[in-house]
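Welcome! Here is a short guided tour for anyone meeting this structure for the first time. Take a look at it, then read on.

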Amino acid sequence: TYEGSIIDLAKITGYEHLKVSLGDTIRIYDTDYDINIEARIVEENYSIFDTTNKQIVLGNYLKGFTHK
């Protein structure tokens, strides 16, 4: 699994179409390791007081890690 924090852009006016939910496949770029990751969201946690910041866990990788 791969864990990280994201900002949920769907909570910002004009970006509602970028909503991601449990089970969705997303692609992220990890600046620490200089890699792209494409995987499904298998867990998500967020505060009811600040729903723009989410903690997610990725799994079920569709492709291997790729170097930028």
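A good place to begin is Ile7, which is found in strand S1. Ile7 is exposed, because its relative accessible area is 55% and exposed means over 50%. Please keep in mind throughout that this is a predicted model.

**The overall layout**

- The protein chain has five strands and zero helices.
- Following the sequence from start to end gives the pattern β-β-β-β-β.
- The chain has 68 residues, of which 25% count as buried.

**The largest pocket**

- The largest pocket holds about 190 Å³ of space.
- Two elements give two or more residues to its lining: strand S1 (2–7) and strand S2 (25–30).
- S2 supplies the largest share of that lining, with three residues.
- Which residues line the largest pocket? They are Ile6, Ile7, Asp8, Leu9, Leu18, Val20, Ile26, Arg27 and Ile28.
- Sorted by class, the lining has seven nonpolar and two charged residues, and no polar ones.

**A nonpolar patch on the surface**

- Ile7 appears again here: together with Leu9, Ile12, Tyr15 and Leu18, Ile7 forms a nonpolar patch on the surface.
- The accessible area of these residues together is about 430 Å².
- Ile7, Leu9 and Leu18 belong to this patch and also line the largest pocket.

**Salt bridges**

- How many salt bridges does the count come to? The count comes to three.
- One of them joins Asp8 and Lys54, whose closest N and O atoms are 3.5 Å apart. This pair links distant parts of the chain, with Asp8 in the loop between S1 and S2 and Lys54 in strand S4 (residues 53–59), 46 residues apart.
- Are Asp8 and Lys54 buried or exposed? Both are buried.
- Another salt bridge is formed by Glu38 and Arg27, with 3.6 Å between the closest N and O atoms. Because Glu38 lies in strand S3 (residues 35–46) and Arg27 in strand S2, the pair ties together parts that are eleven residues apart in sequence.
- The two partners of that bridge are covered to unlike degrees: Glu38 is buried, with a relative accessible area of 18%, whereas Arg27 counts as exposed at 59% relative accessibility.
- Glu44 and Lys54 also meet through their side chains in a salt bridge, at 3.1 Å from N to O. Glu44 lies in strand S3 and Lys54 in strand S4, so this bridge ties together parts that are ten residues apart in sequence.
- Why does Glu44 count as partly exposed? Its relative accessibility is 23%, and partly exposed covers the range between buried, under 20%, and exposed, over 50%.
- Lys54, at 6% relative accessibility, counts as buried. Through salt bridges that share partners, Asp8, Glu44 and Lys54 are joined into one network.
- There is also a link back to the pocket: Asp8 and Arg27 are among the residues in its lining, and Asp8 forms a salt bridge with Lys54, while Arg27 forms one with Glu38.

**A buried residue in strand S3**

- Ala39 lies in strand S3.
- Ala39 is buried, because its relative accessible area is 0% and buried means under 20%.
- Where along the chain does Thr25 stand relative to Ala39? They are 14 residues apart along the chain, and their C-alpha atoms are separated by 5.3 Å.

**Two residues with positive phi**

- As background, most residues other than glycine have a negative phi.
- Asp34 has a positive phi, near 55°, and is a residue other than glycine. Asp34 sits in the loop between S2 and S3 and counts as partly exposed at 25% relative accessibility.
- Asn60 also has a positive phi, near 50°, and is likewise a residue other than glycine. Asn60 is placed in the loop between S4 and strand S5 (66–67).
- With a relative accessibility of 49%, Asn60 counts as partly exposed, because exposed means over 50%.

Terms used. Residues numbered from 1 in each chain as written. Predicted model: local features only at pLDDT ≥ 70, side-chain atom pairs only at ≥ 80, totals over all residues. Heavy atoms only, no water. 1 Å grid on protein atoms, 1.4 Å probe; cavity = no way out; pocket = protein on both sides within 12 Å on 5 of 7 lines; lining within 4 Å. Points joined across faces, edges and corners; volume = space filled by probe spheres on them. Helix = DSSP H or I, 4+ residues; strand = E, 2+ residues; numbered from the N terminus. Nonpolar A, V, L, I, M, F, W, Y, C, P; charged D, E, K, R; others polar. Patch = residues over 30% accessible without salt bridge, like charges linked within 9 Å, V, L, I, M, F, W, Y side chains within 5 Å. Areas by Shrake-Rupley, 256 points an atom, 1.4 Å probe, with all protein chains shown as cover. Salt bridge = Lys/Arg side-chain N within 4 Å of Asp/Glu carboxyl O. Buried < 20%, exposed > 50% of the residue type's maximum accessible area, 1.4 Å probe, protein only.
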